[in-house]
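Here is a friendly walk through a few features of this structure. Have the sequence and the 3D view at hand as you read.

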Amino acid sequence: MFRTALRNVLAHKARLLMTVLAVMLGVAFVSGTLVFTDTFGNAYKNKSAKSFDHVSVAIQPEGGSYNESGDDGEAKKPPRLTDALLKKTQNLPGADSAIGGVMDFTALADKDGKLVGGDWGTSGANYYPGKDGKDPRYDFTEGAAPKSAGEIALDSRTAGRTGYKVGDTVRYSTDGPVRQARISGVFDTEDGSVLAGGSLVVFDNDTAMKVLGKSQYDEIDVKAAAGTSETALKSSVEKILPKETVALSGAQLSDDQEAMIEEQTSAMSQVLLIFAGIALFVGIFIIANTFTMLVAQRTKELALMRAIGASRRQVTRSVLIEAFLVGLAAAVTGFTLGIGVAMGLESLMNSAGASLPDGPLVIAPTTIVVALVIGVVVTMLAAWLPGRRAAKIPPVAAMNSVHATPTTRGLVVRNTIGSIIVALGTVMLFMDDNYVKAGGAGVILVGVIVLTPLLSRPFIAASAPLLKPFGVTGKLSRLNAVRNPRRTASTASALMIGLTLITAMTVVATSMGSAINKMAADSLKADYTVSMANYQPLAPEIREKLDKLPDVEASSPLRPAYGELGDSYTEVSGVDEKAFGKLVSLDFTSGSLANLTGASTLVDKETADDEGLKTGDTVPVKFDDGKTAELKVAGVYEQNEMLNGLFAPLAVVDPHLSKVTDQQVMVKMKDGVSDRAEDAIVKALGDNPAIKIQDKNAINNEIAGAINLLLNMLYGLLAMAILIAVLGVINTLAMSVFERKHEIGMMRAIGLDRAKVKQMVRLEAIIISLFGAVLGIGLGLFMGWVAGDSISGTVKTYTMEIPFGRIAVFLCIAGLVGVLAAMWPARSAAKLNPLMAIKSE
Amino acid sequence: MTTMPLADRATTVAARASELSKVYGHGETQVVALDRVSVDFRQAEFTAIMGPSGSGKSTLMHCVAGLDSFSSGSVRIGDTELGSLKDKQLTKLRRDKIGFIFQAFNLLPTLTALENITLPMDIAGRKPDKEWLNRVIGMVGLADRLSHRPTELSGGQQQRVAVARALASRPDIIFGDEPTGNLDSRSGAEVLGFLRNSVREMGQTVVMVTHDPVAAAYADRVIFLADGRIVDEMLSPTADGVLDRMKAFDAKGRTS
């Protein structure tokens, strides 16, 4: 049995090619993902382990480091990680050295005055020289460490990116004024934020504490003296620990970091594996097609085997052994290709600026096993049904001279099952639960896949008028496309799946984008919003400065405070009640902005409904400082994603804040948005790279950019599924041409020329591709609609938008897929010699 | 059986092969399929080509019909010399001047009987001559089967569709490659009858390859091929006469 299976595989090499390619690509995707994430995670781990070299024990505030600003309304706690503590730890027996570290947002301007490294990119830290005068965290490659307030050092990657050299003067800002400093040196570091692609600047210790606004260290790192173990050091550190601080061993820190990296990489690999799974699923259709054809072609041979005594089980097994061999070959090549994919991904990410750490390629044994098992199992699974069908061939078929035509039997069963599945999915759609709804959409997708053979007939019949200009070849290609509805259906399904996902995601993304645009346009009247680049609080002086500008018509801060209103914990934004109406437009259900004077507040409708409030009521709001204010409800408005919560005059909010800061400042100019206006604002704020000034369009562009980036990534990931679907179209056409050799030969004999033969095959490919595309796009729109239905519950301005432009592009691509896929089968069809074809077997 | 003298009917030649040779392979493995064959197929004449397997009878037909290339010599269909034609021109010639009936794989299963009949004209983008079409369909007796698909027709009916298709475009010459090879004797007789009628009544030219003496007896003239050469010719043949002639070749073949 094994030998016949092997012979069969070898005999049908060419016909199995597309199947092998499909499985291979799927396996390559899976193993590439696994190898890449393993390699990446391993390199990251090695790097981060190194960054803990100088830490035997770390002292951190309870609840983690880098978290002491005290701005969020809480009462300030006295500093714990002080110089005194640092001195004490340095003098501990068993401590070799101890350094204190601080780090916080620092905006560094590049040569054009723009912020380096994006919104969250640049951090600033201190240079804390140890006993040897060096800070072990930084390894200077050029120049020297900063020694005074006028000096700063850059990490080497940022230096390379910006073109700054030692001796250059740079501008930077933390949350105060813009400062200037001379670059004293450039360093390499293993710091996590830099490894993740961020930028780092380093100040001398005193300057760092001052400009980063620190009253204590974020962390004190103690290095054990030779001969002292981490645990011993840790217990002696614990004896001097002040309140609300913890001591962590270097091993613990390293483990925590490792766990975090693990979590991040596994999240990434899960996303990639989902798409790999989609690609493999698509591949199943091609494999099933190929094996169905192989079985159909070998009907006589298999019947002969049955006639001479092979059991049904043996026949099925021989088909499955073939599938096993094909799957194994494809998995092995796919795995090899996957290693290439992993390396490609790495250089792709690096060229996209993600700067991954270098490390050796990690090929885990599990990866090899997973790749091989997936390749083999998927192939055998897809070949199982054709194998079953092979077993049903009666021995007498060997004696029949008649070609066993593929039966249409079974379609009735299939259609019934499909209809039931679709009905079930439709019922699920009408359920209240969003998860059930989403599941319903998925169930309908499965049902439609089952029903595609049924759908293929009316769809392809409907294409007749479009094919009219092609005359008889158009007609023949249309008839050929429905000759084997199962095969056409599974070929089209492969394409359909990819396009369904692509269309659904495009619909949701574009609708979401314009919903947000609309929201911004509807609710914001301000020309500019001013905020910190890292969304840290703004000093209230910023608004004062802006308000004094001659071009400014109105301005108001959004000054966040928090408080309890009945059972709701809500944000109370302090606004300039006189200017607010010019900057936003609120959709009042009752009351108006005019009432917002004195101890009053605007309440969003949801809170009002929850608390049973109406305009004119007076409500107590208990602020976070523990004091309660009695506020009169000036109006109730419809909230949205941009404007929600309570709005109260600044005078109401200010007394309850420990430190008055603004989230953002909204500005309306006398002459609207202009370069001049923006320049004026920038100049008034001291050309500060840390301050972000956005006009309305910039807000919209930022959202659109993010949505497009996400979409393009998804398109890229789904490209593999589409590619495999193309292989499926090629496969199907090659089969069609092979099966219709005689027919094509006869037509060549009675006068169909080569060009027309090619045209006929090409048109068939285009029909099948477009069938898949139209089904996919239709289903995608439907899915988009289902998803939108639940989104519009939370995002009020969401209305489904059909991206006609993109859909047209998808259809064109599908048509092109048909043309490309038909190239090789059409050529071989045209090359058929009429004589070879009409001579009987 | 008596027929009119051939000379009285027509003298125009529909197709002519002169010094036609077809050689496969080189040197040691060289096989001569046709050896300087010269033959005329006259208009409005029904010719059968006979010969044992491997005699070159099919090769001769394929070469004359523009389906196969030849090594030397010349072939003319009407005034057109085939040797110099490219594939595209050959295809056009087959489409417009030649009709074909094959042993099997004659019809497209996706098309109805009528659509199969008009296929050559559809390919050419021509409208069929309605009157002629009806006459042809009437002759083969398919008027009530036109909307059926080949799978719904018997073997004999399928071959009648093929005959109608060959006749429908009024070609200069019709070639049949064992047209009755897959049919039972009654259906075969019907098809041959139609072919003979098309020659007698419509003035059609038919050339048919067969190994069946009964089929050959329907022809006006039988050409006997052996080892790539024309070895004999019989006018107004009868089945017995053809059979005797064949037996004689076989006997010669066995003794030589």
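Two strands pair if DSSP finds at least two bridges between them. This is a predicted model, and the pairing rule helps in reading the sheet described next.

## The sheet in chain B

Strand 1 of chain B (residues 13-24) and strand 4 of chain B (residues 72-77) run antiparallel and are joined by five bridges. If you would like a place to start looking, take B:Ser21: its bridge partner in strand 4 of chain B is B:Ser72.

Stepping back, this pair belongs to an open sheet of four strands in chain B, with the order 2-1-4-5 and antiparallel pairing. Strand 2 (31-42) and strand 5 (80-81) of chain B each have a single partner strand, so each of these edge strands has one side left without a neighbour in the sheet.

## A helix pair in chain A

Now turn to chain A, where helix 24 (residues 754-794) and helix 25 (residues 804-831) cross at roughly 145°, their axes coming within 7 Å. The crossing of helix 24 of chain A with helix 25 of chain A is right-handed. Their contact is made up of 20 nonpolar, four polar and three charged residues.

## Where the chains meet

Which elements of chain A give two or more residues to the side that touches chain B? They are helix 15 (471-481), helix 23 (741-749) and helix 26 (834-838) of chain A.

In the contact between the chains, 20 residues of chain A meet 23 residues of chain B. On the side of chain A that touches chain B, 10 residues are nonpolar, five are polar and five are charged.

Methods:
Residues numbered from 1 in each chain as written. Chains lettered and ligands numbered in written order. Predicted model: local features only at pLDDT ≥ 70, side-chain atom pairs only at ≥ 80, totals over all residues. Axes fitted to C-alpha atoms, helices over the stretch in contact; angles between N-to-C directions. Left-handed = near helix turned anticlockwise from the far one by under 90°. Nonpolar A, V, L, I, M, F, W, Y, C, P; charged D, E, K, R; others polar. Contact = placed C-beta atoms within 7 Å.
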